[in-house]
Amino acid sequence: MDATPQRVISGLLLFVLVTLHLGYARNGPNYYGKLIGSLQEYAHGIKGKVYAVDDATIFIKGFCYDGTGPDAYFWVGNTSQPNPEGYIVPYPETDRGSDPRVLEAYNYTDIILRLPGGKRIRDIKWLSVWCRRFTVDFGDVFIPSDLKVPKLQVLPEFSRLAHGLRSGNISILDSKTIYIPNLHYDGGGPDAYFWVGNGSEPSRFGIKVPNEVDSLAPLRGYQGEDIEIVLPGNLTVYDISWLAVWCVEYRHNFGHVLIPRDLDVPPALGQTKITPPWWYNPTSSTPTPKVNNCKEMLNGRIQVQWQLKGEDVQIRLSGRIKEDQYVAFGLSGEEGKAEMIGGDVAVIGYNKRTGKFIAEDYYMSDLSQCDGKKGVCPDERIGGRNDVVLLHGERKNGITTVTYTRPMRTNEPEKDRMIPERETSVIAAIGVLNSQGEANAHERFDKTTEDIRIDFTSRNVHDCTNSLYNIPDEPDLEPWTPAVINDKNLFSARIGPTGSKRGYSKITGTPSWGIAWYINDLLIPEITVERGKTYTFIVEGGDDYTNPARYHPFYITDSPEGGLGQQTGNQIMNERVFAGVERGSDGYFEPTAKGRYCEWVRTTVDNPDNYKTFKRFFETLELKCDKGEPAKLVWTVEKDTPDLVYYQCYTHKHLGWKIHVVDPGRSLRNINGVSQVLPAFTTSVVSIIALLLFSR
C-alpha cells in the first residue's frame, strides 16, 4: 500500500491533536472569565476569587463565609465605597416577588451571581458581603474601570448545501454552548449529526456533538426550531474551526459555519444553558418530565438533574452503566463528607428478571450485604416504605436514565433523612444488581469520595459538560485463571477481596459483594472431595453477629447462592445443608462454623483490574485477624451427596463457590482445563497451624 496517504492522515491527526491541546490550554477547566480580584476579608472568614463571566454574571471561586451574620447578603453598588445605598444580588436565585434569602455558611463553595433588574457589571463599582442590620461590610472587591468582560459571539448562518438545511445567525453563548435559531432540516440524512473539527472546511476528521436533548442519535427533522447544543467532554469552541451538519456514513456536508480564532466568549459555567421544555425521547410518544438543574459525578459517569415540585423533589438520574448495573444516589450519612453508612439513597436501574426499570428507596446501616435486618437494604425489606416513586425509565446508547420523585420530608426518620432546604452532602455509586434485583457492592473506584453538595431547592444549576455521552465503554477484561484444589483434606477459610472485574464476578458469572471466601489463600477455588472421606475446614469468618460486615459463618450447601440465614418458609425447605448448620432446641437453624475474623486486606489503593494474574494481586494483600480462636468444621462426605455442592456464607449470598464430589478412587485432576493446587510449603504451614490449634 502507498505510504503517502498514511502520512497525510497521520499529519492531519497530529494537527488535530496539537490544535485540541492548544485550545484546551487556552480555555481549560480553570478558566472562569476575567479575574476581578480576591475578596478582602474584614470579618466572618470571607474568602474567594471573583471573576466576570459575562456582562451580567459574576463567579466566585471558593467562597467562604461563616454564616453568623444576622442579615448578610451579596451587595453591589456604584458608589466609591460599599454603603447602604447598594442593592442585593439574590443567592440562591429566588422566584420573582420572593424575598431574597439571608446568606448561610459556605465553605469553599463556587457561586454564580446574576445581577438583577437588567443591571450590568459596567453599572457597578464593587461587590460586598454586607450586613444590612448593622451596616457592616464583611468583605469586598472593587471592579476595575477598564475591565473588558467576555461576551457572546454572533456568527453567520449555516451554509445551505443539502437537505433543506438553513438557520438564523448562530451564536456562541459560552465556550461550550452554541445557539442555533430558526433551524430547518428535513431529517433525510441516514447518519447525520452535529459535527465539529479543525481545518478550512468540514471533513471526516470530526467529533459528534449531542443534539439539544443530549442525545447522540442521528438528527431528526427540524422546522424552524431554536435550539442549543453543548460541546462534549473537555472540548470548547477554542478547539474547533467549524460546526457542520455532517453525514458520517456518506461523508457528506449538508452545511456548516466557520468558528473564528479570536474569540473572547464567557466560560462554560452553566450560566447560559437553557433546559429544553421536555426531555426528548425519540422512541416514546410520552415525553419525560422536565428537570431544571444538573450536576455530574464520578468523572462524568453519573449525571443527576433535579427540580423542586411542591413537597417533593423530582430527580432524573442517568448513568453510563451496563444493563445489569445500578446507580445509587442520595444523601450522605454525614454532613461534610462522602459517608455511605447512614446514607439515604435511591437505587435505579433495569431489572432483567422482571423486564422493568426500578427506583427503590435504600437505607445503609452497615457496609455489608443486606441480611434482611442490617446492611445495604431496600427500605421495604427491613420493614420500611419505598418513598421513591418511579416516573419514567429508558436505556439508550449505553446510558440508563430513570426519573423519580421522593419527598423532601419523611415519616420514617429511622430509615429516611429529611432533605434540608440548603446545600447538603450527597453520595453516588455504581454497582451490580444481584439475582433479586437488589444492589450489590460497588468497587472502590465506583463511588464518590469527595464532599459533593447540592441544594435541592436551587434553580438553574448547570454543572454538566455532557461527558456522560462521550466516555468510552469499559474494556472486557480477561478473568484470572480459576483456582483448583485437589487431593487435600485440610483447608483454611478466610475472607478477602473479590478482585474487581477480573475476580469473583468474572469467574462465577454472578455479582459479588466485594468480599469472598479465600480457601488456602486462593480466591474461591473449586475443591474436589471424595465420598466417604473426612475433611476439615479451619474457619475464620467472624463470630460477632452484631457486626454484619464481619460475620460470615461457613457452611456447605447445594445452593449456588448461599445465605441460608436470609431464607424463610419454603426457601429453607428447598435448600439442602451438608455441614456447618445445626437445628437448635427451639427449632431454628444455627450456624456452627464461625471463628474469629480474619481478612486479606489491600496494602495499596490502585485498581485490582491492573493485575493480570491473581498471584500478582495476592502480593498486594495482608492478612489481618481479630483476637480469638478459629472454628473447626469437620465434614464426612456421605454417599448420597450430590456431585456438585458449594461452600458458602450463612448470612450473605454469593461469597463461595464449587465443591466437586466424586466416588472413591476418582478425582478431578483438571477442571476447566486448569490444574492449580496449593503449594506444598503452604499446605505444610496450614497443617502445622491446625495441629497447634486443635491438638492441645
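**Salt bridges, aromatic pairs and an antiparallel sheet**

In the predicted model, Asp-264 has a relative accessibility of 32% and therefore counts as partly exposed, since that value falls between the limits of 20% for buried and 50% for exposed residues. Lys-34, at 28% relative accessibility, is likewise assigned to the partly exposed class. These two residues form a salt bridge in which the closest N and O atoms are 3.4 Å apart. The pair connects distant parts of the chain, with Asp-264 placed in the loop between β17 (252-258) and β18 (293-297) and Lys-34 in strand β1 (residues 34-38), a separation of 230 residues.

The overall composition of the chain provides the setting for this contact. The secondary structure amounts to five helices and 45 strands, and of the 696 residues in the chain, 54% are buried. Among the contacts with a separation of 6 or more, 67% are made by residues 24 or more positions apart. The surface exposed by the chain comes to about 31,700 Å², of which 50% is supplied by carbon and sulfur atoms.

In total, 31 salt bridges were found in the structure. One of them joins the side chains of Arg-220 and Glu-225, with an N to O distance of 2.9 Å. Arg-220 has a relative accessible area of 24% and is therefore partly exposed, and Glu-225, with a relative accessibility of 28%, is also classed as partly exposed. A further salt bridge is made by Arg-531 and Asp-643, whose closest N and O atoms lie 2.5 Å apart. This pair, too, links distant parts of the chain, as Arg-531 is located in the loop between β35 (526-530) and β36 (534-539), whereas Asp-643 is located in the loop between β43 (631-636) and β44 (644-649), 112 residues apart. The two partners fall into separate accessibility classes: Arg-531 counts as buried because its relative accessibility of 10% is under the 20% limit, while Asp-643 counts as exposed because its relative accessible area of 53% is over the 50% limit.

Salt bridges also join residues into a network, which comprises Arg-301, Asp-446, Lys-501 and Asp-609. Asp-609 additionally takes part in a polar contact of 3.0 Å with Ser-500, a contact made between the side chains of the two residues. Ser-500 belongs to the loop between β32 (490-497) and α2 (504-508), and its relative accessibility of 5% places Ser-500 in the buried class.

Aromatic contacts were examined next, and 28 aromatic pairs were found in the structure. Trp-75 and Trp-130 form one such pair, which is stacked, with a distance of 6.2 Å centre to centre and an angle of 10° between the planes. Since Trp-75 is part of strand β5 (residues 72-77) and Trp-130 is part of strand β8 (residues 126-131), the pair ties together parts that are 55 residues apart in sequence. Trp-75 is buried at a relative accessible area of 6%, and Trp-130 is buried at a relative accessibility of 4%. The pair of Phe-491 and Phe-537 is stacked as well, because the ring centres are 4.8 Å apart and the planes meet at 20°, which is under the 30 degrees required for that class. Phe-491 lies in strand β32 and Phe-537 in strand β36, so that parts 46 residues apart in sequence are tied together by this pair. Phe-491 has a relative accessibility of 0% and counts as buried, and for Phe-537 the relative accessibility is also 0%, which again means a buried residue. Ring pairs extend beyond isolated couples in one cluster, in which Trp-480, Tyr-518, Trp-600, Tyr-611, Phe-614, Phe-617 and Phe-618 are linked.

Strand pairing is illustrated by an open sheet of four strands, arranged in the order β10-β11-β12-β15 with antiparallel pairing. Its edges are formed by β10 (153-154) and β15 (222-230), each of which pairs on one side only. Between β10 and strand β11 (residues 171-172), the antiparallel pairing extends over two bridges, and Gln-153 has Ile-172 of β11 as its bridge partner. The edge strand β15, which spans residues 222-230, includes the position of Glu-225, the salt-bridge partner of Arg-220.

Technical notes. Residues are numbered from 1 along each chain as its sequence is written. This is a predicted model: local features need pLDDT of at least 70, side-chain atom pairs count only at pLDDT 80 or more; totals for chains, interfaces and linings use all residues. Side-chain values use heavy atoms; hydrogens and water are left out. Two strands pair if DSSP finds at least two bridges between them. A salt bridge is a side-chain nitrogen of Lys or Arg within 4 Å of a carboxyl oxygen of Asp or Glu. Buried means under 20% relative accessible area, exposed over 50%, partly exposed in between (1.4 Å probe, protein chains only). A polar contact is a pair of N or O atoms within 3.5 Å; within protein, one must be able to donate a hydrogen and the other to accept it, and residues adjacent in sequence count only if both atoms are side-chain atoms. Contact means heavy atoms within 4.5 Å. Accessible areas come from the Shrake-Rupley method with a 1.4 Å probe; for residues, only the protein chains shown count as cover. Rings of Phe, Tyr and Trp (its six-membered ring) pair if their centres lie within 6.5 Å; planes under 30 degrees apart count as stacked, over 60 as edge-to-face and the rest as tilted.
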